[in-house]
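Here is a brisk report on one protein model. Keep the sequence and the structure in view while reading.

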Amino acid sequence: MRIVCVGGGPASLYFSIVMKKYDQDHSITVLERNPVGSTYGWGVTYWGDLLDKLREGDALTARAISEHSVRWEGGVAHIRDEVTTHRGDEGFSIGRQRLLDLLAERATDLGVRIEFGREIESSSQLPDAELIVAGDGVNSRLRQLHSDHFGTEVTAGQNKFIWLGTSRAFERFTFAFVETESGWIWFYAYRFTSDLSTCIVECSAETWAGLGFDRLGESATLTLLETIFAKQLDGQPLINRADGGGSAPWLNFRTMTNATWHHDNIVLLGDAAHTTHYSIGAGTTLALEDAIGLAGALHRHPGLQPALAAYEQERKRALLSTQSAARYSAQWYENIPRYIHLKPAQLFSLLGQRHSPLLPHVPPQMYYWVNQAAEEFTALRKFRKWLGPKVVRTLQARRPSPL
């Protein structure tokens, strides 16, 4: 099969690797609009189960990613002037550019052709492709050309965020909540090399405007954030860099879904098909799982359209729980005033429970004590799991219907 992947992100590269592993005779080209070595973002996170899936697809790729990743366990939260810790599963992070380099090297070794600086505006530019994989991100040009067919829906979140780096190397996944005269502001941070960490700063739109970020330039923005988080950053600077050297903007996260993921010989992959809020750290994992799913469907089904239909059905089903968790996680941070009065240990505990559909409907302190009891008794834990969805469905059914 002649395959062209538009967009040289992790999803496209890993898809090409797995397809070549299935059949070396596939002709696969990956077209990336940016120059070689140019990427956005800092580090990306994932969990151990992703490595298991990558080993099934290509053991060499999984080994390379594992060897270049940073491992951390549990987390720490700075809340006001207190510090609290929380035990958790082992997590991993790796620099986005390093991840891309590893995938590109492996894909090239397997015979995949990678071309940089190639802008694709329409599928008509690829007349010889039997399959066009749109892995060109949330702003996918190929998807936008057929947005009516794909049924694209975008919902903007309420909070403002900015994706930064810092030379403070955090040993564990770290949260910091600081109260300012304009309201609360916080960051999520995690190390991805020996001397660099990702640092995502977030706050409400009201706090953002109250602190003057709507009027400040890049340098003044970093200076103010470094002042606000001076203690948590241990005096280390914040670094603003995106798209190979440009400054990262303040954004509202956009949750994007599509009613269907394929059109003729075009299929959506990764962020071109769906996005999930960054607070659950699943974006790269889901993109790689899409790649595995698409390659597997094409391998199992002899016809293109049945394969694309199977891929869409399987991945949509697999995404349901993660998308739900992401929505509740985003809402938790949008409702920080509801939880911030709790003691630091209680707040950190509920932060870990933010994916729960029941939490928004139960007084926070009550939920905390019930959750603590549930951790001690298996029967109560099962009851909580059973009760949550039922309560949510009941409350949603009581809401007045829109006019």
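## Helix α1

A residue counts as buried when its relative accessible area is under 20%. By that cut-off, 11 of the 13 residues of α1 are buried, so this helix is largely enclosed by the rest of the structure. The model is a predicted one.

Helix α1 covers residues 10–22. From its first C-alpha to its last, α1 reaches 18 Å, close to the 18 Å expected at 1.5 Å a residue. The buried residues of α1 include Pro 10, Leu 13, Tyr 14, Phe 15, Ile 17, Val 18 and Met 19. Ser 12, Ser 16 and Lys 20 are also among them.

## The loop after α1

Asp 25 sits in the loop between α1 and β2 (27–32). Is Asp 25 buried or exposed? Its relative accessibility is 68%, so Asp 25 counts as exposed. Thr 260 lies 235 residues from Asp 25 along the chain. The C-alpha atoms of Asp 25 and Thr 260 are separated by 29 Å.

## The open sheet

An open sheet is formed by 8 strands. Their order is β3-β5-β4-β10-β11-β12-β9-β13, and the pairing is mixed. The edge strands are β3 and β13 (238–239), and each pairs on one side only.

Strands of a sheet pair through backbone hydrogen bonds, either parallel or antiparallel. Which sense joins β9 and β12? Strand β9 (residues 160–166) and strand β12 (residues 197–203) are antiparallel, with 7 bridges. In one of these pairings, Phe 161 has Glu 202 of β12 as its bridge partner.

## Two cavities

How many cavities of 30 Å³ or more does a search of the whole structure find? There are 2. The largest has a volume of about 40 Å³. Its lining consists of Val 44, Thr 45, Tyr 46, Leu 50, Ile 65, Ile 94, Leu 99, Thr 284 and Leu 288. Two elements, β3 (43–47) and α9 (283–300), each give two or more residues to that lining. The largest share, 3 residues, comes from β3, an edge strand of the sheet. By class, the lining has 7 nonpolar, 2 polar and no charged residues.

The second largest cavity holds about 30 Å³ of space. Gly 270, Asp 271, His 274, Thr 275, Thr 276, Gly 283, Leu 286 and Ala 287 line this cavity. This lining divides into 2 nonpolar, 5 polar and 1 charged.

## The second largest pocket

The second largest pocket has a volume of about 410 Å³. Its lining has 22 residues. Which of them lie nearest the centre? They are Thr 155, Gly 157, Thr 255, Arg 327 and Ala 330.

The elements that give two or more residues to this lining are β8 (152–156), β9, β14 (254–258) and α10 (304–334). Helix α10 gives the most, with 6 residues. By class, the pocket lining has 6 nonpolar, 11 polar and 5 charged residues.

## Helix α10

Helix α10 has 31 residues, which should span 45 Å at 1.5 Å a residue. The end C-alpha atoms of α10 are 42 Å apart, which agrees. Where is the kink in α10 centred? The kink is centred on Leu 320 and is about 40°. This kinked helix is also the one that gives the most residues to the lining of the second largest pocket.

Key: Residues numbered from 1 in each chain as written. Predicted model: local features only at pLDDT ≥ 70, side-chain atom pairs only at ≥ 80, totals over all residues. Heavy atoms only, no water. 1 Å grid on protein atoms, 1.4 Å probe; cavity = no way out; pocket = protein on both sides within 12 Å on 5 of 7 lines; lining within 4 Å. Points joined across faces, edges and corners; volume = space filled by probe spheres on them. Helix = DSSP H or I, 4+ residues; strand = E, 2+ residues; numbered from the N terminus. Nonpolar A, V, L, I, M, F, W, Y, C, P; charged D, E, K, R; others polar. Pairing = 2+ DSSP bridges. Expected span 1.5 Å × (residues − 1). Buried < 20%, exposed > 50% of the residue type's maximum accessible area, 1.4 Å probe, protein only. Bend = angle between axes of the 7 residues up to and from the residue.
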